[in-house]
Amino acid sequence: MIPDLAFLYTRDLNKVIAEVEAYPTEDSLWQVTGQIANPAGNLALHLVGNLSQFVGDDLGGVPYERDRPAEFSLRDVPRAELITGLQHTRDLTSQTLAKLDDASLSRVHPRQLPGFPEGMSSRFFLIHLYGHLNYHLGQINYHRRLLSRTV
């Protein structure tokens, strides 16, 4: 299961990077329109924070001080900085998953969160996090295509 998850996380974080690179301008990464309150830049920051905390820190032992409110309030972070953060997160996730075995996947995840089953395993949470990554990848793709009609 680990090689499969590592492949999927790497592939889809590369897709997020490609989406960020595909925005026509730096400003468009931060543009909000209509009902869309979270532009691609904030979603990229959120994915970096989410995976760095729950995979890198919780499972890989790489300390990460998360500032979740800033993930949604910061603006105008340079594209290059977003891409560097996403690349680091991709590599951290891949390296962390490579160190896990079936026994560690079956253990209770070290961080229990409201709204999740009590005693959820790391396997369960990694599958959830992969779905979360793809949810935001889809939002970023939609945001970029929506703006490309107006930029």
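# Helices, core and selected residues

User: In which loop does Asp 76 lie?
Analyst: This is a predicted model, in which local features need pLDDT of at least 70 and side-chain atom pairs count only at pLDDT 80 or more, while totals for chains, interfaces and linings use all residues. Residues are numbered from 1 along each chain as its sequence is written, and side-chain values use heavy atoms, with hydrogens and water left out. Helices (DSSP runs of H or I, at least four residues) and strands (runs of E, at least two) are numbered from the N terminus. On that basis, Asp 76 belongs to the loop between helix 3 (68-73) and helix 4.

User: Near what value is the phi of Asp 76?
Analyst: Most residues other than glycine have a negative phi. Asp 76 is exposed, with a relative accessible area of 54%; exposed means over 50%, buried under 20% and partly exposed in between, with a 1.4 Å probe and protein chains only. Although Asp 76 is not glycine, its phi is positive, near 60°.

User: Which pattern does the chain follow along its sequence?
Analyst: The chain contains 6 helices and 0 strands. Read in sequence order, the pattern is therefore α-α-α-α-α-α.

User: What is the radius of gyration of the chain?
Analyst: The C-alpha trace spans about 50 × 30 × 25 Å along its principal axes. The globule rule (2.2 Å times the number of residues to the power 0.38, for a radius taken over C-alpha atoms) is the reference. For 151 residues the rule gives 15 Å, and the chain is as compact as a globular protein of that length because its radius of gyration is close to this, at 16 Å.

User: What share of the residues counts as buried?
Analyst: The chain has 151 residues, and each is sorted by its relative accessible area. The share that counts as buried is 46%.

User: Which helix supplies the largest share of the largest nonpolar core?
Analyst: A nonpolar core is a set of buried Ala, Val, Leu, Ile, Met, Phe, Trp, Tyr and Cys residues joined through side-chain atoms within 4.5 Å. The largest one has 37 residues, and those with the most contacts inside it are Tyr 9, Val 16, Leu 97 and Leu 126. Helix 1 (2-22), helix 2 (40-57), helix 4 (79-99) and helix 6 (122-148) each give at least two residues to this core. The largest share, 9 residues, comes from helix 2.

User: How many ångströms separate the C-alpha atoms of Asp 4 and Leu 97?
Analyst: Asp 4 is located in helix 1 and is exposed, with a relative accessible area of 51%. Although Asp 4 and Leu 97 are 93 residues apart along the chain, their C-alpha atoms are separated by 9.9 Å.

User: Is His 143 buried or exposed?
Analyst: His 143 is placed in helix 6. Its contacts (heavy atoms within 4.5 Å), leaving aside neighbours within four places in sequence, include Tyr 23, Leu 29 and Ile 36. With a relative accessible area of 1%, His 143 is buried.

User: How far is Ser 121 from Val 20 in space, C-alpha to C-alpha?
Analyst: Ser 121 is in the loop between helix 5 (102-106) and helix 6, and it is buried, with a relative accessible area of 16%. Not counting residues up to four places away in sequence, Ser 121 touches Leu 105, Ser 106, Arg 107, Val 108 and His 109. Ser 121 and Val 20 are 101 residues apart in sequence, and the distance in space is 32 Å.
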